[in-house]
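Biologist: I am new to reading structures like this one. Could you take a close look at a single part, the buried side of one helix and what surrounds it, and show me how to find my way there?

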Amino acid sequence: MDAIQHFQSNKERYLEELLDLLRIPSVSADSKFKGDVRKAAEFIKAKFEEAGADTVELVETPGHPIVYAEKIIDPKLPTVLVYGHYDVQPADPYELWDSPPFEPVIKNERIYARGACDDKGQMYMHVKAFESLVKSGSLPCNAKFMIEGEEEVGSSHLETFVKENKKKLAADVILISDTSIISNDTPSITVGLRGLSYLEVEVTGPNRDLHSGVYGGAVANPINVLCDMIASLQDKEGHITIPGFYDKVEDLSTEQRSEMAKAPFDLEAYKKDLKINDVKGEKGYSTIERTGIRPTLDVNGIWGGYIGEGAKTVLPSKANAKISMRLVPHQDSDEITEIFTKHFESIAPKSVKVKVTPHHGGEPAVISTTSPAYQAASRAFEEAWGKKPIPTREGGSIPIVALFQKELALDPILMGFGLDSDAIHSPNESYGLFNFYKGIETISHFYRFFSELEK
């Protein structure tokens, strides 16, 4: 029995195990779920032990633990290092879910639950592909796994672990499934990710909330000021107005942009899926380009004043917002955070005080399409899907990709299987059964092709 046959014989069990994992609310951003985050780590550890790993451990960090596992069948053979994460985004607002976020349901051949796609479903494909290879006696190379519990809060302790364990993590390729494909009919491999600068701003006016009748019109309203300041950060053509923001942005050639345009994209279907009448973005660029090769600035949350039921005519003392900037190759997250901070402070009127608090960031990354690892991934997709995958650039950020490139001197292979319609980070996140099963199959093929190419 080969790995694919073993997988086919055990696919129902694999699915039930994933559903059990999804029932654990491993929200890393909220301290009340700390025990559940550890429970998820222990679950993954147990599954690696059952799958046949020789070494499995929970590596403690000042935050949540890292699950490390390995099976070395011959030091002379190539080694695959797999990265994933078991923590998930907060499920709020709960009332917008059609079913409880941590009580997974299967509907229309899709799993609905927080973390179904990002990243429990995709990470668990690797655990089960590994099990199928080991149990069938067909693992062709060495395998290592590093599954963390802090990706959704910036992977703040992973860098220390990587720097202190370079020998332990030595490998020939890093495999990551935390991205998407174009569609189930058109597989793709992500070869570019944007970086991230994520921060919080606070605008303070009077020393207390004021009566809007007694003081309105005479004292600055922090919410009004904050909205004006945010609105000034972009012009009417979608261009970010922060001085120096575009200084290091790479402009792709006409030929490169033409290659990107070959990827199938239906603008009308895109708008219909999102229930919007039109798209919006930087002038002169297509939707694919706006989300793949151009930097952005977006408000992720904004609050202040009274938002409870009924009326309270208050002029608030403070207003806050969380802002993210997606970055492209050559932009540095620390540098962008610094120029944003200086600019935001400079545009504040004297009637308010401004505080900018950086949270986390990450660097953009571009992956080679000529390496043996990429060729192995391409052949694996072709074997499983019957067609060659298209290389694409994705708008999201995986900060640790640049870390791996720098510290381990290896280009990760971003072999994701999600869809843009999976609603990751949103209510009613889901993941297709087709994608879960096809992912296990494709990953199994990757090991074989990579081992052949690396001999």
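Modeller: Happy to! Let's begin with the words: helices, of at least four residues, and strands, of at least two, are DSSP runs numbered from the N terminus. Keep in mind that this is a predicted model.

As a warm-up for the labels, try a loop. His425 sits in the loop between β17 (412–414) and β18 (430–432). Its phi is positive, about 70°, although His425 is not a glycine. Most residues other than glycine have a negative phi, and most peptide bonds are trans. His425 is partly exposed, because its relative accessibility is 41%. Another positive phi, near 65°, belongs to Glu109, in the loop between β4 and β5. Glu109 counts as exposed, since its relative accessibility is 56%. You can also look for cis peptide bonds: one joins Asp92 and Pro93, with omega about 0°, and another runs from Asp118 to Asp119, with omega near -5°.

Now to the helix, α5, which spans residues 222–231. Which of its residues are buried? They are Pro222, Val225, Leu226, Met229 and Ile230. Down the axis of α5, these buried residues fall within an arc of 130°, so they line one face of the helix. A general rule helps here: an α-helix has 3.6 residues a turn, so residues three or four places apart point the same way. Turn to the other side of α5 and you will find Asp228 and Ala231, which are exposed. Cys227 is partly exposed, because its relative accessible area is 36%. For contrast, look at another cysteine: Cys117 is buried, because its relative accessible area is 4%. The structure has zero disulfides.

What do the buried residues of α5 pack against? Their partners are the strands β9, β11 (296–304), β12 (314–315), β13 (318–327) and β14, together with helix α9.

Three of those partners lead us on to a pocket. β9 (195–204), α9 (333–346) and β14 (353–362), along with α11 (400–407), each supply at least two residues to the lining of the second largest pocket. That pocket holds about 500 Å³ of space. Of its 24 lining residues, Glu159, Ser333, Gly361, Gly362 and Glu363 are the closest to the centre. The lining of the second largest pocket has eight nonpolar, 10 polar and six charged residues.

Helix α9 is also a good place to look for a cavity. The largest cavity has a volume of about 50 Å³, and among the residues lining it are Glu335, Ile336 and Ile339. Others in that lining include Gly244, Phe245, His330 and Asp332. By class, the cavity lining has three nonpolar, three polar and four charged residues.

To finish, follow a contact back to α11. Tyr83, in strand β3 (residues 79–85), is buried because its relative accessible area is 1%. Among the residues Tyr83 touches are Ile400 and Phe404, and α11 covers residues 400–407. Try tracing the route yourself: the buried face of α5 packs against α9, among others, α9 and α11 both help line the second largest pocket, and Tyr83 touches Phe404.

Definitions and conventions. Residues are numbered from 1 along each chain as its sequence is written. This is a predicted model: local features need pLDDT of at least 70, side-chain atom pairs count only at pLDDT 80 or more; totals for chains, interfaces and linings use all residues. Side-chain values use heavy atoms; hydrogens and water are left out. A disulfide is a pair of cysteine sulfur atoms within 2.5 Å. Buried means under 20% relative accessible area, exposed over 50%, partly exposed in between (1.4 Å probe, protein chains only). On a 1 Å grid over the protein atoms alone, a cavity is a set of points where a 1.4 Å probe fits but cannot get out, and a pocket is an open set with protein on both sides within 12 Å along at least five of seven lines; lining residues have an atom within 4 Å of a point. Grid points are joined across faces, edges and corners, and a volume is the space filled by probe spheres set on the points. Ala, Val, Leu, Ile, Met, Phe, Trp, Tyr, Cys and Pro count as nonpolar, Asp, Glu, Lys and Arg as charged, and the others, Gly among them, as polar. The arc is that of the directions from the helix axis to the C-beta atoms. Contact means heavy atoms within 4.5 Å.
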